[in-house]
Amino acid sequence: MKRDIAIVGAGYVGVPLARTFADAGKSVLLVDVDASRVAQLNAGESYIEDVPTEALKPLVEAGLVAATTDYDELGEVDAILIALPTPISRQREPDLRILLSATELIAPRVRAGHLVVLESTTYPGTTREQVQPILERGSGLTAGKDFHLAFSPERVDPGREDWTTKSVTKVVGVSTRHRRPRRPISTRQRSTTSTAFRHLRPPSSRSSSRTSSARSTSPSSTSSRSCVTG
Ligand SMILES: NC(=O)c1ccc[n+]([C@@H]2O[C@H](COP(=O)([O-])OP(=O)(O)OC[C@H]3O[C@@H](n4cnc5c(N)ncnc54)[C@H](O)[C@@H]3O)[C@@H](O)[C@H]2O)c1
């Protein structure tokens with residue numbers, strides 16, 4: 001069945017995202033390896049506190065939200081959002097193993113015109129240096145030319161009612177390298193960018209006082225949304 005959006009990873013990020021899109025009238029497919037979660041979602045039952053069952057059930061019954069374990073269904077959507085876990089490793093860096101192995105499964109399902117958006121938390125360079133080559137190799141297509149590839153890290157803070165998936169501002173970084181030539185980055189731009197991305201660097205490369213101040217930053221300020229080149 002043709003759907004607007006697929007979200008790979010039906011967790012704290014994926015389910016509220018699905019609800020937000022469905023509330024706006026978009027049809028959403030959640031793709032998850034956990035068959036019991038998929039069954040619960042298809043029964044209209046939520047296991048995510050930010051999305052009550054009373055909110056999810058009507059969307060499932062209206063056919064706006066469905067779930068599957070079958071990656072083949074990705075071929076039937078217009079956009080693929082990736083909201084997979086990137087747990088902190090022993091080296092205090094995002095562990096990309098789940099993300100990259102799932103990207104291998106997504107790649108052969110990517111077709112011309114698709115939009116693929118990485119929503120997971122990670123460090124700058126992940127989209128361009130790790131996700132993009134896997135998608136291009138597996139699909140035989142070129143990002144920025146045949147399909148669109150973006151990074152838009154989720155910033156939701158589960159449990160909060162003042163800032164939700166719908167209201168938290170996000171930045172979307174998209175590759176345009178095949179559309180127009182890139183201008184060289186000036187020293188001033190480089191400095192601004194590195195300040196903006198400081199929050200996303202692995203904690204080991206930041207001072208402890210900076211880490212704690214970054215953690216206490218409110219969703220309305222800059223913070224992690226600045227990692228647009230990830
Ligand atoms: N939870 C938060 O508060 C929050 C906030 C902002 C950003 N993030 C980031 O968003 C990303 C997702 O986090 P989350 O909290 O939603 O994770 P989560 O653990 O709640 O959910 C992840 C889901 O992915 C599924 N999954 C695991 N491997 C899979 C695979 N190979 N294919 C398909 N599904 C698979 C799991 O079964 C689970 O349902 C992470 O990078 C996290 O850092 C999380």
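## The ligand and its surroundings

In this predicted model, the ligand is surrounded by 24 residues. The closest of them are Gly11, Tyr12, Val13, Ser120 and Thr121. By class, the shell around the ligand consists of 13 nonpolar, six polar and five charged residues.

## The sheet

Seven strands make up an open sheet with mixed pairing. Their order across the sheet is β3-β2-β1-β4-β5-β6-β7. At the edges lie β3 (65–68) and β7 (173–174), each of which pairs on one side only.

Helix α5 packs on this sheet, where α5 touches β5 (115–118) and β6 (148–151). The direction of α5 makes about 150° with that of β6.

## Pairing within the sheet

Strand β1, residues 3–8, pairs with strand β2, residues 28–31, in the parallel sense, and four bridges join the two. Within this pair, isoleucine 5 stands opposite valine 28 of β2. Strand β1 also pairs in the parallel sense with strand β4, residues 77–82, here over five bridges. Isoleucine 5 appears again in this pairing, standing opposite alanine 79 in β4. Isoleucine 5 thus has a counterpart in β2 and another in β4.

The parallel arrangement continues from β4 to β5, a pair with four bridges. Isoleucine 80 has valine 116 in β5 as its bridge partner. As background, side chains in a regular strand alternate between the two faces of the sheet.

## Helices α4 and α5

Besides packing on the sheet, helix α5 (residues 126–139) meets helix α4 (residues 97–106). The axes of these helices come within 8 Å and cross at roughly 25°. An angle under 35 degrees counts as roughly parallel, and α4 and α5 are therefore roughly parallel to each other. Their crossing is right-handed.

On the α4 side, the residues in contact are Leu100, Thr103, Glu104 and Ile106. They meet Gln130, Val131, Ile134, Leu135 and Gly138 of α5. Sorted by class, the contact of the two helices has five nonpolar, three polar and one charged residues.

Terms used:
Residues are numbered from 1 along each chain as its sequence is written. This is a predicted model: local features need pLDDT of at least 70, side-chain atom pairs count only at pLDDT 80 or more; totals for chains, interfaces and linings use all residues. Axes are lines fitted to C-alpha atoms, for helices over the stretch in contact, and angles run from 0 to 180 degrees between N-to-C directions. Angles under 35 degrees count as roughly parallel, over 145 as roughly antiparallel, 65 to 115 as roughly perpendicular and the rest as oblique. A crossing is left-handed if the near helix is turned anticlockwise from the far one by less than a right angle, and right-handed if clockwise. Two residues are in contact if their C-beta atoms, placed from the backbone, lie within 7 Å. Ala, Val, Leu, Ile, Met, Phe, Trp, Tyr, Cys and Pro count as nonpolar, Asp, Glu, Lys and Arg as charged, and the others, Gly among them, as polar. A residue is near a molecule or strand if its C-beta atom, placed from the backbone, lies within 6 Å of it. Two strands pair if DSSP finds at least two bridges between them.
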